[in-house]
Amino acid sequence: MGFEAAITDYKGNAITLKNAKVVVESEDENRILLRVDLTGDETQKVFDQVLTNLARSAPPMPGFRRQKGGKTSNVPKSFLLEVLGKDRVTKFVIQEILNSTMADYAKKENINVKDKKVNTTQTADELKVLFSPGKDFGFNAILELESGSDGEN
């Protein structure tokens, strides 16, 4: 089973991936298979932002004082990554990429995704192995569509 993302009202400290390339690989009445590709720049940007967001909610770190506004100051990324766990951070980053690209796509194409959920065809472990900040990253996602027009809100 791959990653699953909920694409409901995706906002907050949302990361907009302007250069994500989304291509429809196949489409039938109630599902679309998409290929999503990101550049190394984009993966690095998401990674940095997710790390920053996680650092804000992390407990205070010994030897690093919080600045006003609650941000942990000047914690080296490598140290943060160690404290938070690389696997965990990578999982959050992939989730973030999936949420962002699929929410944008659904909105742009004006489609209603069934249960507002998206799945990847790759397993979570495969994606974690494929992902490396600063390197190109791609995945396939399946959108199950609402049947008929009963999906209107």
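The exercises below treat the fold, helix α1, the charged pairs, the aromatic rings and the backbone of one predicted protein model.

Residues are numbered from 1 along each chain as its sequence is written. Because the model is predicted, local features need pLDDT of at least 70 and side-chain atom pairs count only at pLDDT 80 or more, while totals for chains, interfaces and linings use all residues; side-chain values use heavy atoms, with hydrogens and water left out.

**Exercise 1. The fold as a whole**

Task: State how many helices and strands the protein holds, and in which order they run.

Solution.
Step 1. Helices (H or I, at least four residues) and strands (E, at least two) are DSSP runs, numbered from the N terminus.
Step 2. The protein has four helices and five strands.
Step 3. Read from the N terminus, the order of these elements is β-β-β-α-α-α-β-α-β.
Step 4. A contact means heavy atoms within 4.5 Å. Among contacts between residues at least 6 apart in sequence, 71% join residues at least 24 apart.
Step 5. Accessible areas come from the Shrake-Rupley method with a 1.4 Å probe, and for residues only the protein chains shown count as cover. The accessible surface amounts to about 9200 Å², and carbon and sulfur atoms account for 47% of it.
Step 6. A residue is buried under 20% relative accessible area, exposed over 50%, and partly exposed in between (1.4 Å probe, protein chains only). Of the 153 residues, 38% count as buried.

**Exercise 2. Helix α1**

Task: Compare the span of α1 with its expected value, and determine which elements its buried residues pack against.

Solution.
Step 1. The expected span of a helix is 1.5 Å times one less than its number of residues.
Step 2. For the 18 residues of α1 this gives 26 Å, and the end C-alpha atoms are 26 Å apart, so the two values agree.
Step 3. The buried residues of α1 include Val46, Phe47, Val50, Leu51 and Leu54.
Step 4. The buried residues of α1 pack against β3 (31-38), α2, α3 (86-109) and β5 (137-145).
Step 5. A further relation concerns Ala55, which is buried in α1. Its C-alpha atom is separated by 9.6 Å from that of Val83, 28 residues away along the chain. Val83 is found in helix α2 and is partly exposed, at 47% relative accessible area.

**Exercise 3. Salt bridges**

Task: For the salt bridges Glu42–Lys45 and Asp48–Lys77, establish how the partners are placed in the chain and whether each is buried or exposed.

Solution.
Step 1. A salt bridge is a side-chain nitrogen of Lys or Arg within 4 Å of a carboxyl oxygen of Asp or Glu. The structure holds four of them.
Step 2. In the pair Glu42 and Lys45, the closest N and O atoms are 3.4 Å apart. Because these residues are three apart in helix α1 (residues 40-57), about one helical turn separates them.
Step 3. Glu42 is buried, with a relative accessible area of 2%, whereas Lys45 is partly exposed at 41%.
Step 4. Asp48 and Lys77 meet at 3.1 Å, N to O. This pair links distant parts of the chain, with Asp48 in α1 and Lys77 in α2 (residues 77-84), 29 residues apart.
Step 5. Asp48 is partly exposed at 21%, and Lys77 is partly exposed at 46%.

**Exercise 4. Aromatic rings**

Task: Classify the geometry of the pair Phe131 and Phe137.

Solution.
Step 1. Rings of Phe, Tyr and Trp (its six-membered ring) pair if their centres lie within 6.5 Å; planes under 30 degrees apart count as stacked, over 60 as edge-to-face and the rest as tilted.
Step 2. The structure holds three aromatic pairs. In the pair of Phe131 and Phe137, the ring centres are 5.2 Å apart and the planes stand at 80 degrees, so the arrangement is edge-to-face.
Step 3. Both Phe131 and Phe137 are buried.
Step 4. Together with Phe47 and Phe139, these two residues form one aromatic cluster.

**Exercise 5. Positive phi angles**

Task: Locate Asn110 and Asp115, and state whether each is buried or exposed.

Solution.
Step 1. Asn110, which is not a glycine, has a positive phi near 55 degrees. Asn110 is placed in the loop between α3 and β4 and is exposed, at 70% relative accessible area.
Step 2. Asp115 also has a positive phi, of about 55 degrees, without being a glycine. Asp115 belongs to strand β4 and counts as exposed at 57%.
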